[in-house]
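Me: Please take a close look at one part of this model. I would like one connected account of a single helix and what surrounds it.

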Amino acid sequence: MFQHLAAREPFTDLGLRAELLQRLNELKGVDIPEGKLALRPSFRLFLLEEDHNRELLAETLTWFRHCWDARETA
């Protein structure tokens, strides 16, 4: 995931990719190391069985979409 985002605005910015990593790591059971910011890490989908994790992922995807849409107006 991060590998593909690194070539696409606005996520060519390492800081935005790091924030995405941080947001994903807030999900219980997810621990993606910073060294994976140039790779394609994953996490087990069964972690989304927890309501809290689904809510956090939805918030993260909303944030991602906001960042993506903002690039068009910049």
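The request and the reply below deal with helix α3 and its surroundings.

Me: Which residues of α3 are buried, and what do they pack against? Please go through the partners residue by residue.

Reply: One caution first: this is a predicted model.

Start with the helix itself. α3 has 23 residues. From its first C-alpha to its last it reaches 34 Å, close to the 33 Å expected at 1.5 Å a residue.

Now the buried side. Asn53, Leu56, Leu57, Thr60, Trp63 and Cys67 are the buried residues of α3. An α-helix has 3.6 residues a turn, so residues three or four places apart point the same way. The buried residues of α3 pack against α2.

Next, the geometry of that pair. Two packed helices are described by the angle between their axes and the distance between the axes. Here the axes of α2 and α3 come within 10 Å. They cross at roughly 165 degrees. The cut-off for roughly antiparallel is over 145 degrees, and α2 and α3 are therefore roughly antiparallel to each other. The crossing of α2 past α3 is right-handed.

The interface can be listed from both helices. α2 brings Leu16, Glu19, Leu20, Arg23 and Leu24. α3 meets them with Leu57, Thr60, Trp63, Phe64 and Cys67.

Take Thr60 in α3. Thr60 counts as buried because its relative accessibility is 4%, and the limit for buried is under 20%. Beyond its neighbours up to four places away in sequence, Thr60 touches Leu20, Arg23 and Leu24. Those three residues are listed for α2 where the helices meet. Thr60 and Glu26 are 34 residues apart along the chain, and their C-alpha atoms are separated by 9.8 Å.

Leu57 is also in α3. With 16% relative accessibility, Leu57 counts as buried too. Setting aside neighbours within four places in sequence, Leu57 is in contact with Leu24, Leu27 and Leu48. Leu57 and Glu19 are 38 residues apart in sequence. Their C-alpha atoms are 13 Å apart in space.

Now cross to Leu24. Leu24 is in contact with both Leu57 and Thr60. Its other partners, leaving aside neighbours within four places in sequence, are Met1, Phe2, Val30, Ile32 and Phe43.

That leads to the core. The largest nonpolar core has 16 residues. Phe2, Leu20, Leu24, Leu27 and Ile32 have the most contacts inside it. Two or more residues of this core come from each of α1 (2-5), α2 (14-25) and α3 (51-73). The largest share, four residues, comes from α3.

A loop joins in as well. Leu48 lies in the loop between α2 and α3. Leu48 touches Asn53, Arg54 and Leu57, along with Leu27 and Phe43, not counting residues up to four places away in sequence. Leu48 and Thr73 are 25 residues apart in sequence, yet 33 Å apart in space, C-alpha to C-alpha.

Finally, turn to Trp68, another residue of α3. Trp68 is partly exposed, because its relative accessible area is 23%. Leaving aside neighbours within four places in sequence, Trp68 is in contact with Arg8, Glu9, Pro10 and Phe11. Pro10 is in the loop between α1 and α2. Most residues other than glycine have a negative phi, and most peptide bonds are trans. The bond that joins Glu9 and Pro10 is cis, with omega about 0 degrees. Trp68 thus touches both residues of that cis bond. Trp68 and Gln3 are 65 residues apart in sequence and 16 Å apart in space, C-alpha to C-alpha.

To sum up: the buried residues of α3 pack against α2. Leu57 also contacts Leu48, a loop residue. Trp68 contacts Pro10, which sits in the loop between α1 and α2.

How values were computed
Residues are numbered from 1 along each chain as its sequence is written. This is a predicted model: local features need pLDDT of at least 70, side-chain atom pairs count only at pLDDT 80 or more; totals for chains, interfaces and linings use all residues. Side-chain values use heavy atoms; hydrogens and water are left out. A nonpolar core is a set of buried Ala, Val, Leu, Ile, Met, Phe, Trp, Tyr and Cys residues joined through side-chain atoms within 4.5 Å. Buried means under 20% relative accessible area, exposed over 50%, partly exposed in between (1.4 Å probe, protein chains only). Contact means heavy atoms within 4.5 Å. The expected span of a helix is 1.5 Å times one less than its number of residues. Axes are lines fitted to C-alpha atoms, for helices over the stretch in contact, and angles run from 0 to 180 degrees between N-to-C directions. Angles under 35 degrees count as roughly parallel, over 145 as roughly antiparallel, 65 to 115 as roughly perpendicular and the rest as oblique. A crossing is left-handed if the near helix is turned anticlockwise from the far one by less than a right angle, and right-handed if clockwise.
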